[in-house]
Amino acid sequence: MINYTERIALLMDDVVRRTPSLSFIKLPEIVIFGRFGRADAEGAFATCHCLTLPTSEPGYFFWKDRATGEMTRQSEWFITKSPTVRVGPTQIKYLISFVLPRFCNQSLKHSRKAEHYPGAPPWVGKLDTIVHELYHIDPEHSGLRRVKCADGSDSERSHGPHFYADVARMVKAYLASRPDPSLVGFLECDFDQLNDRFGGVAATTFRNFPSFPQRYMERCEMPATEPLVRIEPLKRPTQPELYTEDDLDIRQFTENSTRRLTRKGQHRAA
Ligand SMILES: [Zn+2]
């Protein structure tokens, strides 16, 4: 079986080595993992998730009386935090998820990216997505890359006018650097071809699949805003606040579902 996310990680390592503007990226601080998404459904192919965003200021939810506008209830105060993810001694700063099997079938054909790649084979769309997600990593490691507007201010959007063209330039330069076909070749196969050639497609996932490390709310002690208002308790977090290598799994992805294979680092009993 092909471990698809491991192949992507190896390819990313080579891309980062050969692409000066991405050379600040440290692959060991990134976990690449799979999420499930059907190939024939609309949706994202991949996402870059940042774990270094600062904890939020304290806040609360509230309810108001529709007639009087007065606050009737408030939630407990909370802060919003990123979970900690550690693999061995390394603190993970970013997660990059690939939606499988959808990503395996991504093609330049009929995509908006095609204009940047005249004459390129369809699978280059996947390489474009891989570089795209790496390009979201902020060089100052302070979150996701901030996009500058034409006037130099920070844009609210994460993709500025030059984002797609910058990515296409890096992809073309990488391909022109003649990367080892054994690193890039797996992108030429769609999902059916991968299954035929490798006997299955597997990917790293988190143990709480289909969940994964995400921002969560943590209760904090603060005085009630209005002393007489009822306080609604917050739901306690149901997901871990700390993930380690023991929380990584390997799952096989099929067209319609996934199944857990042996856990990473866990030896199967004979
Ligand atoms: Zn993006």
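M217 sits in strand β11, which covers residues 216–219. In this predicted model, M217 joins F61 and W63 in a nonpolar surface patch of about 260 Å². M217 counts as partly exposed because its relative accessibility is 34%, which falls between the 20% and 50% cut-offs. The rest of this briefing goes from the overall layout to the zinc site, the helices, one sheet and the salt bridges.

**Overall layout**
- The protein chain has five helices and 15 strands.
- Of its 270 residues, 43% are buried.
- Taken along the principal axes, the C-alpha atoms fill a box of roughly 70 × 65 × 40 Å.

**Zinc site**
- Three histidines hold the zinc ion, each through NE2: H132, H136 and H159, at 2.0 to 2.1 Å.
- Along the chain, the donors are spaced as H-x3-H-x22-H.
- H132 has 10% relative accessibility, so it counts as buried, given that the limit is 20%.
- H136 is buried too, with a relative accessible area of 6%.

**Helices α1 and α2**
- Helix α1 takes in residues 4–18, and its 15 residues should span 21 Å at 1.5 Å a residue; the end C-alpha atoms are 21 Å apart, so the two agree.
- The buried residues in α1 are Y4, T5, I8, L11, M12, D14, V15 and V16.
- Helix α2 spans residues 124–135, and its 12 residues reach 16 Å from the first C-alpha to the last, close to the 16 Å expected.
- As for cover, 12 of the 12 residues in α2 are buried.
- Zinc ligand H132 is one of those buried α2 residues, and so are its sequence neighbours V131 and E133.

**A three-stranded sheet**
- Strands β8, β7 and β13 make an open sheet in the order β8-β7-β13, with mixed pairing.
- At the edges are β8 (90–91) and β13 (242–243), each pairing on one side only.
- β7 (residues 84–87) runs antiparallel to β8, and the two pair over two bridges.
- R86 has Q91 in β8 as its bridge partner.

**Salt bridges**
- The structure has 14 salt bridges.
- One of them joins R73 to E232, with the closest N and O atoms 3.0 Å apart.
- R73 is in strand β5 (residues 71–75) and E232 in strand β12 (residues 230–232), so this pair ties together parts that are 159 residues apart in sequence.
- R73 is partly exposed at 25% relative accessibility, whereas E232 is buried with a relative accessible area of 17%.

**The network around E76**
- E76, R219, E221 and R236 are linked in a network of salt bridges.
- E76 pairs with R219, the closest N and O atoms being 3.3 Å apart.
- Since E76 lies in the loop between β5 and β6 (78–81) and R219 in strand β11, the pair ties together parts that are 143 residues apart in sequence.
- E76 also meets R236 in a salt bridge, at 3.7 Å from N to O.
- R236 is in the loop between β12 and β13, so its pairing with E76 ties together parts that are 160 residues apart in sequence.
- E76 is buried, with a relative accessible area of 14%, while R219 is partly exposed at 37%.
- Strand β11 therefore shows up twice in this briefing: it holds M217 from the nonpolar patch and R219 from the salt-bridge network.

How values were computed: Residues numbered from 1 in each chain as written. Predicted model: local features only at pLDDT ≥ 70, side-chain atom pairs only at ≥ 80, totals over all residues. Heavy atoms only, no water. Donors = N, O, S within 2.8 Å, 3.2 Å for Na, K, Ca; no water. Buried < 20%, exposed > 50% of the residue type's maximum accessible area, 1.4 Å probe, protein only. Helix = DSSP H or I, 4+ residues; strand = E, 2+ residues; numbered from the N terminus. Expected span 1.5 Å × (residues − 1). Patch = residues over 30% accessible without salt bridge, like charges linked within 9 Å, V, L, I, M, F, W, Y side chains within 5 Å. Areas by Shrake-Rupley, 256 points an atom, 1.4 Å probe, with all protein chains shown as cover. Salt bridge = Lys/Arg side-chain N within 4 Å of Asp/Glu carboxyl O. Pairing = 2+ DSSP bridges.
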